[in-house]
Amino acid sequence: MAWSVEKCNGNGVEPTRMGLVHPAMEDYAEEAIEAVNAGKVIAVPTDTLYGFACDACSMEAVKQIYEIKGRKYTSPLAICVGDVQDIQRFAVTDHLPRGLLNSLLPGPVTVVLRRGESSILEKSLNPGLDSIGVRVPNCSFIRAIARGSGSALALTSANLSGQPSSVDIKDFENLWEHCAYVYNGGVLPSGRAGSTVVDLTKPGKYKILRPGSAKEETVEILEHHALVEDSSTSSQGT
């Protein structure tokens with residue numbers, strides 16, 4: 001898929017907040033990985049919006065994200081992994097057409113899949129749901145953090161629940177104090193549209209749960225791989 005590549009590199013270190021804000025550059029990836037592995041929350045750019053991220057297998061860290069956002073615990077979180085091949089560690093992929101995930105990702109798409117019994121995710125993440133939304137953003141910085149963490153990142157937009165999404169770190173400046181670090185990737189060009197969310201839990205079918213920023217391209221790829229739209233009203237997702 002011919003996504004525009006957004007490397008998410010920052011424009012220099014912010015002189016404020018005692019070093020809290022750093023550029024989203026490779027030099028700072030190790031620092032971010034250490035924070036995540038210590039159970040802390042960081043703010044990072046993706047290829048769509050700024051997000052809060054933490055270790056998806058640290059329930060204390062996940063709880064912090066809910067508290068920072070003022071988000072209901074019944075609202076599920078997606079996860080982010082470093083590479084497409086990592087998805088199978090966390091979700092069921094063997095029913096998907098060959099090459100589909102590599103055509104969709106990396107990119108501004110969240111794929112909703114069944115966890116399955118082999119998933120290494122903590123069962124306490126999104127309790128009551130047997131599906132999980134997975135992202136592989138087209139952003140080298142967050143992917144480096146996910147790879148280095150050895151796990152998956154819980155990922156959600158960096159804003160108070162119900163408020164506009166953030167395309168600039170200044171959009172959520174009132175929430176910086178709750179993060180170990182805030183990584184500046186500049187102003188993101190998404191127009192505040194998040195990722196396109198597509199349910200792929202049913203073999204041979206797809207359902208768009210949120211149009212997001214790449215619906216048309218996503219549907220084109222899905223139908224190229226012979227998937228048909230699921231017209232049923234009971235489709236579970238995140």
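**Entry 1. Salt bridges**

I searched this predicted model for salt bridges and found that the structure holds five. I then looked up three pairs in turn.

I began with Asp83 and Arg143, whose closest N and O atoms are 3.0 Å apart. Asp83 lies in the loop between E4 and H3 and Arg143 in helix H4, so this pair ties together parts that are 60 residues apart in sequence. I checked the accessibility of both partners. Asp83 counts as buried because its relative accessibility is 16%, under the 20% limit for that class. Arg143 is likewise buried, with a relative accessible area of 15%. I also noted that Asp83 and Arg143 belong to a network of salt bridges that includes Arg147.

I next looked up Arg192 and Asp171, which form a salt bridge with the closest N and O atoms 3.0 Å apart. Arg192 is in the loop between E8 and strand E9 (196–199), Asp171 is in the loop between E7 and E8, and the two are 21 residues apart, so I recorded the pair as a link between distant parts of the chain. Are these two partners buried, partly exposed or exposed? Arg192 counts as partly exposed at 39% relative accessibility, and Asp171 counts as partly exposed at 35%.

The third pair I examined was Lys202 with Asp230, whose side chains meet in a salt bridge at 3.1 Å, N to O. Lys202 sits in the loop between E9 and strand E10 (205–210), and Asp230 sits in the segment after E11, 28 residues apart; this pair also links distant parts of the chain. I found Lys202 partly exposed at 32% relative accessibility, whereas Asp230 is buried at 7%.

**Entry 2. Helix H4**

Since Arg143 lies in helix H4, I listed the buried residues of that helix. Helix H4 covers residues 140–149, and its buried residues are Phe141, Ile142, Arg143, Ile145, Ala146 and Ser149. Against which elements do the buried residues of H4 pack? I found one helix, H1 (29–37), together with the strands E2 (42–45), E4 (78–80), E7 (153–157) and E8 (181–184). I then inspected the residue that follows H4: it is Gly150, with a positive phi near 75 degrees.

**Entry 3. Backbone exceptions**

I scanned the backbone with a general expectation in mind: most residues other than glycine have a negative phi, and most peptide bonds are trans.

Which peptide bond did I record as cis? The bond from Leu105 to Pro106 is cis, with omega near 0 degrees. Pro106 lies in the loop between helix H3 (100–104) and E5.

For phi, I recorded Asn126, a residue other than glycine with a positive value near 55 degrees. Asn126 lies in the loop between E5 and E6 and counts as buried at 5% relative accessibility. I also recorded Ala226, which has a positive phi of about 70 degrees although it is not a glycine. Ala226 is placed in the loop between H5 and strand E11 (228–229). In contrast to Asn126, which is buried, Ala226 is exposed, with a relative accessible area of 60%.

**Entry 4. Glu117**

I returned to the loop between strand E5 (109–114) and strand E6 (131–135), where Glu117 lies. Glu117 is exposed, since its relative accessible area is 75% and the class begins over 50%. I computed its C-alpha separation from Ala91 as 8.9 Å, the two residues being 26 apart along the chain.

**Entry 5. Surface charge**

I looked for charge patches on the surface and noted one of negative charge, formed by Glu216, Glu217, Glu220, Glu223 and Glu229. Which element gives the most to this patch? Helix H5 (residues 215–224) does, with four residues. I checked Glu216, found in helix H5, and it counts as exposed at 67% relative accessibility.

**Entry 6. Overall figures**

I closed with totals for the protein. The secondary structure comes to five helices and eleven strands. Of the 238 residues, 53% are buried. The protein exposes about 10,700 Å², with carbon and sulfur atoms supplying 47% of that area. Finally, I took the contacts between residues at least 6 apart in sequence and found that 67% of them join residues at least 24 apart.

Key
Residues are numbered from 1 along each chain as its sequence is written. This is a predicted model: local features need pLDDT of at least 70, side-chain atom pairs count only at pLDDT 80 or more; totals for chains, interfaces and linings use all residues. Side-chain values use heavy atoms; hydrogens and water are left out. Buried means under 20% relative accessible area, exposed over 50%, partly exposed in between (1.4 Å probe, protein chains only). Contact means heavy atoms within 4.5 Å. Patches are made of residues with over 30% relative accessible area and no salt bridge: like charges are joined within 9 Å, nonpolar side chains (Val, Leu, Ile, Met, Phe, Trp, Tyr) within 5 Å. Accessible areas come from the Shrake-Rupley method with a 1.4 Å probe; for residues, only the protein chains shown count as cover. A salt bridge is a side-chain nitrogen of Lys or Arg within 4 Å of a carboxyl oxygen of Asp or Glu. Lys and Arg count as positive and Asp and Glu as negative; His and the chain ends are not counted. The place of a charge is taken as NZ of Lys, CZ of Arg, CG of Asp or CD of Glu.
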